[in-house]
Amino acid sequence: MSDIRTIVVVSRNQGKIREFKRIFSDYVPDVKWRFLSAIDLGLPEVEETGSTFAENARIKALAGAKYLAGTKYSGYICLGEDSGLEVDKLDGGPGVNSHRFSESGSDEDNNKLLLDLLDGVPWDERTCRYKAAIALADSTGIIAQSTGSVEGIIHTELRGTNGFGYDPLFYAVELGKTFGEASDAEKDAISHRRRAIQGLIPAIKRIML
Ligand code: IMP
């Protein structure tokens, strides 16, 4: 067997795909992980019609596996991931709508809207969490799934430029700084995505190694 393993990530978000590569390599360092994105394979946009992160993760993984059936990539495992931010003061929003929170959906506008909505809200009421759900699918259907979360506070101003999305506003309680200020290694150690991947590692080892 070759020491390269390929996973198709049914996503166009390069920030997430970079994190998958780093975290999988941490858990299984002997293998060279190759992640192909929806853009690499020309996968059509998948509509996120689910009402939970887990549902959307399954929808993405299954859509990817269906699309690959009959192509030269049909043997590859597809990974669907849905993640986002839940803010207590916003009744759990933006939640599954995190990527399309503001009208433009750009990171800059999403962060600005979040700051505006929480204007004047005291620190101890700005509690939130990132959540991630991941599902793996092949031609037979869903083969594994997992979730992870990390607690935070929405900062009163943008801090740092690392990461992506809401990271400059996400003050991670466990780190004492925002994910925008954290190094890749610091974010990876505690992130919602890391915790979701951790739950999948036994299945990954069983299925792919
Ligand atoms: P998805 O591509 O539909 O899963 O959208 C997830 C959205 O949630 C992203 O576009 C970000 O706005 C936000 N998000 C999820 N995970 C993270 C993260 O690790 N950092 C920053 N924003 C995140």
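## Exercises on a ligand and its pocket

Strand 3 gives the largest share of the shell around the ligand, with 3 residues. Keep in mind that this is a predicted model. With that in hand, let's work through four exercises.

**Exercise 1. Find which residues come nearest to the ligand, and describe the shell around the ligand by class.**

Step 1. Select the shell: there are 16 residues around the ligand, taking those with a heavy atom within 4 Å.
Step 2. Pick out the ones that come nearest, namely K16, Y130, D167, K187 and R193.
Step 3. Sort the shell by class, which gives 3 nonpolar, 6 polar and 7 charged residues.

**Exercise 2. Locate polar atoms of D82, Y130 and Y166 that lie close enough to the ligand for a polar contact, using a cut-off of 3.5 Å between N or O atoms.**

Step 1. Begin with D82, where a polar side-chain atom is 2.9 Å from an oxygen atom of the ligand.
Step 2. Move to Y130: here a polar side-chain atom lies 3.2 Å from a nitrogen atom of the ligand.
Step 3. Turn to the backbone of Y166, which places a polar atom 3.2 Å from a ligand nitrogen atom.
Step 4. Now look at how covered the ligand is: alone it exposes 480 Å², and the protein buries 94% of that.

**Exercise 3. Work out where the ligand sits and which elements line that place.**

Step 1. Place the ligand: it sits in the largest pocket.
Step 2. Ask which elements give two or more residues to the shell around the ligand; they are strand 3 (77–87) and helix 6 (192–208).
Step 3. Size up the largest pocket, which holds about 700 Å³ of space.
Step 4. Inspect the lining of the largest pocket: it has 32 residues, with N13, K16, E48, K60 and H99 nearest the centre.
Step 5. Trace that lining to its elements. Strand 3, helix 4 (107–117) and helix 6 each supply at least two residues, and strand 3 has the largest share, 4 residues.
Step 6. Finish with the classes of the lining, which are 10 nonpolar, 10 polar and 12 charged.

**Exercise 4. Examine the backbone at D91 and at the bond between G93 and P94.**

Step 1. Recall the usual pattern: most residues other than glycine have a negative phi, and most peptide bonds are trans.
Step 2. Check D91, in the loop between strand 3 and strand 4. Its phi is near 55°, a positive value in a residue other than glycine.
Step 3. Go on to P94, which belongs to strand 4 (residues 93–94). The peptide bond joining G93 and P94 is cis, with omega about -5°.

Conventions: Residues numbered from 1 in each chain as written. Predicted model: local features only at pLDDT ≥ 70, side-chain atom pairs only at ≥ 80, totals over all residues. Heavy atoms only, no water. Polar contact = N/O pair within 3.5 Å; in protein donor to acceptor, adjacent residues only side chain to side chain. Areas by Shrake-Rupley, 256 points an atom, 1.4 Å probe, with all protein chains shown as cover. 1 Å grid on protein atoms, 1.4 Å probe; cavity = no way out; pocket = protein on both sides within 12 Å on 5 of 7 lines; lining within 4 Å. Sits in = over half its atoms within 2 Å of the grid points. Nonpolar A, V, L, I, M, F, W, Y, C, P; charged D, E, K, R; others polar. Points joined across faces, edges and corners; volume = space filled by probe spheres on them.
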